[in-house]
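Biologist: I'm new to this one and would like a close look at a single part, the largest pocket. Which residues lie nearest its centre, and which strands supply its lining? Please also show me how those strands sit in the rest of the fold.

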Amino acid sequence: VPTYIVDLMKCDGPSMMPLFNSKGDIILVDKISHHFFGIAGGDKGLERARFYRHQQRQRPQETDSTEKENYNMRDDATPNNATRNDINHSATMPFSTYRPRGLTYGDVVVVEHPLRAGTVCKRIVALPGDIVVAKKENTTFIVPDGHLWIEGDNKENSTDSRSYGPVPASLVLGKVLLRMWPLRGNAIVRRTYEKGDTKEYCVVPIDHC
């Protein structure tokens, strides 16, 4: 079970404060769903761009908030790695109109460190095809196909993609579901997303291009 479905892991260090304690929290990690659902909208930037454009064309004119909350996408607008039930409209995700089961903005994931032995626990900020702007260098680059841009919640004290660049999605070990220990506050690790915009970097999602 720990190898293929779920696992208990320790997340320590200050990079994910205040979500996790710097002295180390025990977390429950889903290690299987990302193998089935992959990256939301596809693992290639072109696939995701086509999906978002198709989604926008198929979306009906919404005249009130009730229609907006009850809207479900048409079957023919479903990406190849999700089902219609996986893609329900949500007004709480600023750069996505659905809540897929695949890896997407705001998910907290455990990833093998891209440069050394060990793992890191970070939040997904950008997906394949998204544009990352390095403000100090005044340069831009696109997150490559099959890669993720990850950052810690405590951006002032986190070594993440801003240091070592986007990481291959193949390095993802799993998605964090719960904080098992210590017992404090809400143990559920929710998908939350704030626009990736710091003093050094800004992220432009592909559905805004």
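Modeller: Here is a walk from the whole chain to the sheet, and then into the pocket.

Keep in mind that this is a predicted model. The protein has 209 residues, and 45% of them count as buried. Its secondary structure comes to 4 helices and 10 strands. Reading from the N terminus, you meet them as β-β-α-α-α-β-β-β-β-β-α-β-β-β. Take the contacts between residues at least 6 apart in sequence: 58% of those join residues at least 24 apart. As for the outside, the accessible surface is about 11,100 Å², with 52% of that belonging to carbon and sulfur atoms.

Now for the sheet. Seven strands make up an open sheet with antiparallel pairing, in the order S1-S2-S9-S3-S4-S7-S8. Strand S1 (6-11) and strand S8 (167-168) are the edge strands; each has a single partner strand, so one side of each is left without a neighbour in the sheet.

Let's step across from the S1 end. S2, residues 25-30, pairs with S9, residues 172-181, in the antiparallel sense over 5 bridges. If you want a spot to find by eye, look for isoleucine 27, whose bridge partner in S9 is arginine 179. S9 also pairs with S3 (residues 108-112), again antiparallel, this time over 3 bridges. There, valine 109 has lysine 175 of S9 as its bridge partner. Further along the order comes S4 (residues 119-126), which pairs with S7 (residues 147-151) in the antiparallel sense over 3 bridges. One of the places to look is alanine 126, with tryptophan 149 as its bridge partner in S7.

With the strands in place, on to your pocket. The largest pocket has a volume of about 240 Å³. Its lining is made by 16 residues, and those nearest the centre are Cys11, Asp12, Thr119, Val120 and Cys121. On the strand question, S1 and S4 each supply at least two residues of the lining. S4 gives the largest share, with 4 residues. You can match that to the names: Thr119, Val120 and Cys121, all close to the centre, fall in S4, which covers residues 119-126. Cys11, also in that central group, falls in S1, the edge strand spanning 6-11.

What kind of residues are these? The lining divides into 7 nonpolar, 5 polar and 4 charged residues.

Notes:
Residues are numbered from 1 along each chain as its sequence is written. This is a predicted model: local features need pLDDT of at least 70, side-chain atom pairs count only at pLDDT 80 or more; totals for chains, interfaces and linings use all residues. Side-chain values use heavy atoms; hydrogens and water are left out. Buried means under 20% relative accessible area, exposed over 50%, partly exposed in between (1.4 Å probe, protein chains only). Contact means heavy atoms within 4.5 Å. Accessible areas come from the Shrake-Rupley method with a 1.4 Å probe; for residues, only the protein chains shown count as cover. Two strands pair if DSSP finds at least two bridges between them. On a 1 Å grid over the protein atoms alone, a cavity is a set of points where a 1.4 Å probe fits but cannot get out, and a pocket is an open set with protein on both sides within 12 Å along at least five of seven lines; lining residues have an atom within 4 Å of a point. Grid points are joined across faces, edges and corners, and a volume is the space filled by probe spheres set on the points. Ala, Val, Leu, Ile, Met, Phe, Trp, Tyr, Cys and Pro count as nonpolar, Asp, Glu, Lys and Arg as charged, and the others, Gly among them, as polar.
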